[in-house]
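Good morning, colleagues. I would ask you to look at the sequence and the structure on the screen, and I shall then take you through the contacts one by one.

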2 protein chains.
Amino acid sequence: MTPRPTINDVARAAGVSKGAVSFALNNRPGLATETRERILAVARELGWTPNSRARALSVSRSFAVGLVMARPPETLRADPFFPSFIAGLESVLSESGYALLLQVVPEHDHELRSYRRLAEEGRVDGVFVTDLHVDDTRPALLAELGLPAVIIGPALGEPFWPAVGVDDGPGVAAAVEHLVGLGHTRIAHVSGPTAMVHGQSRRDAWSRAMREAGLPEGPFAEADFSAEEGASATRRLLDLPEPPTAIVYANDLMAMAGLSVATGRGVDVPGRLSITGFDDTELAAHVQPGLTTVSTNVLDWGRAAAERLLALVDGRDPAPTELDPPRLVVRGSTGPAPS
Amino acid sequence: MTPRPTINDVARAAGVSKGAVSFALNNRPGLATETRERILAVARELGWTPNSRARALSVSRSFAVGLVMARPPETLRADPFFPSFIAGLESVLSESGYALLLQVVPEHDHELRSYRRLAEEGRVDGVFVTDLHVDDTRPALLAELGLPAVIIGPALGEPFWPAVGVDDGPGVAAAVEHLVGLGHTRIAHVSGPTAMVHGQSRRDAWSRAMREAGLPEGPFAEADFSAEEGASATRRLLDLPEPPTAIVYANDLMAMAGLSVATGRGVDVPGRLSITGFDDTELAAHVQPGLTTVSTNVLDWGRAAAERLLALVDGRDPAPTELDPPRLVVRGSTGPAPS
DNA sequence: AAAGCCACCTAAACCGGTTTAGTGACCACC
DNA sequence: GGTGGTCACTAAACCGGTTTAGGTGGCTTT
């Protein structure tokens, strides 16, 4: 209620100039140790904290970074990625006194405008870019705006852009290999949108793994990561004259919906059909049968992305970060191929 | 790359003082229409946007509001609430030029510090308070800090605090009534943490509905909204000498885990056991059998909360917002009580 | 004793907006 | 023809920090 003290109040109370207070706060050389301590003591006593708005103006930095999520609310709803990812970001950002500014926009078009606005108004010092499309115009826009950015996700194409992400490939490959080891030969894939980088990269990984196992590619169905489309893709695959004996889904949500479609039709899992997911969501361990899936350390991923962006903002050299490779978690939804 | 133009550049180019530019921008009276238009034209031509940092300092506002989420990452992971809720917030905030500042902290203790810091540094003009505990100290802290706040969730106790939320009660009651109508008499409840307001309020609603149906309360198991505890609570209930014929869960995640436990044990759903959830997550419609659950309009909820906070920040009278009441969605997981 | 040099601190400019007090021109009125 | 009142605008203070260019006093140096 009482107005917060300003640097002037502290200076007056300590009998020094406000410059001195600033020096003491940011412990810069040029102050006698005794003076510095006296100033800090007074500041503590008055309960003074520097006003971030004033600081932001004078140093021309906002000490905030932005995350824009462009998804229809429906797709957003059950996404297991963001909460953990954001927790990872935060653990690094808050440590450095940075805040995370979140924007949710309904369409890609709005997203471009969001970035532009964030940059032009000087709200953020850098941004994270997620859900990259294969022909995404955002990197170009951000370069034009001169806004430091870190791309979240597998780096596809432009390698000079700093992307941070676990490579999905080995995870999908591990799932395929696991199934091949169980004797499966007709292994289908239900992908996310192949117009998006992480949809495409998982799809590619599946193709490659099949090729490397010396198998034909098997049926493929494109979906959009939602339960709805996961279910309908599964129906299409099961309706094939020669249905697959295993399906590799691009995420857990679609896999769980597919699992229900199968059991609802009386198709035994894993007796007649094996199923794998991707994400290792909490529920995956608790469906019947338990879902074999790929687990990635999203928290660490967030941390790495934040560190990278802060380095970029500070003009430091971003240390190349090593992330845990994805790990296959085998549960009950996969079993030997039917004979 | 080239430094953004400032208000001074615009003033010089238009041949007026910077005050005039400011007046034109915020279209305040006292400028000839012709002058105002000339200034705006010049501004547009130079591509000038007012710097929000400077604006924030001079008007002593940050044009940002904060949302602090204090949850262990595990609980956070699969929460269907936040993504939609945030989308709702955003739709209102961005309209008014406000930004959403997100903080994720691992513990409740950190959360208090987060709020304090946000307020003291002047980063935000107001905050949302979620996951209220029954003995929560945050309202007191925020009052002390003089920070406008809107509590998200059912208002339990302190009615003078502006809370925005759908009342869970009718939703849970509808589920119980639906089951009673199907002939069930032993209806159990698996709750969230009763130390939290929304855990407690759903539990209370269940008790009340049972009482009003003239039934004894039936077995109760406290859990924490997670799939893990939902599953173990279900096991405890099914192990009872006289197991319930229906279970009302406080959220979908626990209900789906419970559903799997039941089917895994060979307990037919809904033949021998009926199950209801709460949230109407995307997957609820796609499990086998489909989950009967309670749907709330979380997007609208977010919108209402944002409108309320902005009103509070502006010192306007917050219009009382009407939210859609929760709606029971009947699917296959509920059926007639076994005879 | 004048000059030189630190070490320590102050005064003032600056960041880029908003806001208030004030000024000059113009017109109306008595 | 002086007074009063608008209108349209400018100049300058202000928000609360950071930063730079001095300034002061004491101690060495020659």
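A polar side-chain atom of B:N26 lies 3.3 Å from a phosphate oxygen of DNA strand C. Please bear in mind that this is a predicted model. Chain A also reaches the phosphates: an N or O atom in the side chain of A:T35 is placed 2.5 Å from a phosphate oxygen of DNA strand C. For an approach to a base, I would direct you to B:A54, where a backbone N or O atom lies 3.4 Å from a base nitrogen of DNA strand C.

Let us consider the surroundings of this strand as a whole. Which residues come nearest to DNA strand C? Of the 25 residues around it, these are A:A32, A:T35, B:I7, B:K18 and B:S22. Among the elements, α4 (52-59) of chain A supplies at least two residues of this surface, and so do α2 (18-25) and α4 of chain B. Sorted by class, the surface near DNA strand C has 11 nonpolar, 11 polar and 3 charged residues. On the side of the nucleic acid, 60% of the atoms of DNA strand C within 4 Å of the protein belong to sugar or phosphate, and the rest belong to bases.

I turn now to the contact between the two protein chains. How many residues does each chain bring to it? Chain B gives 66 residues and chain A gives 65 residues. About 5200 Å² is buried between chain B and chain A, and carbon and sulfur atoms give 55% of that area.

As for polar links, 24 residue pairs are in polar contact between the chains, counting pairs with both residues at pLDDT 80 or more. The count of salt bridges between chain B and chain A is 2. One of them joins the side chains of A:R4 and B:E120, at 4.0 Å from N to O. On the side of chain B that touches chain A, the elements that give two or more residues include α4 (52-59), α6 (81-93), β2 (99-105), α7 (108-120) and α12 (252-264) of chain B. By class, that side of chain B has 31 nonpolar, 18 polar and 17 charged residues.

Finally, I would draw your attention to a pairing of strands across the two chains. Strand β2 (residues 99-105) of chain A is joined to β2(B) by 3 bridges, and the two run antiparallel. Within this pairing, A:L101 stands opposite B:L101.

Note on methods. Residues are numbered from 1 along each chain as its sequence is written. Chains are lettered from A and ligands numbered from 1 in the order in which they are written. This is a predicted model: local features need pLDDT of at least 70, side-chain atom pairs count only at pLDDT 80 or more; totals for chains, interfaces and linings use all residues. Side-chain values use heavy atoms; hydrogens and water are left out. Contact means heavy atoms within 4.5 Å. Buried area is the accessible area (1.4 Å probe) that two parts lose on being put together, summed over both. A polar contact is a pair of N or O atoms within 3.5 Å; within protein, one must be able to donate a hydrogen and the other to accept it, and residues adjacent in sequence count only if both atoms are side-chain atoms. Helices (H or I, at least four residues) and strands (E, at least two) are DSSP runs, numbered from the N terminus. Ala, Val, Leu, Ile, Met, Phe, Trp, Tyr, Cys and Pro count as nonpolar, Asp, Glu, Lys and Arg as charged, and the others, Gly among them, as polar. Two strands pair if DSSP finds at least two bridges between them. A residue is near a molecule or strand if one of its heavy atoms lies within 4 Å of it.
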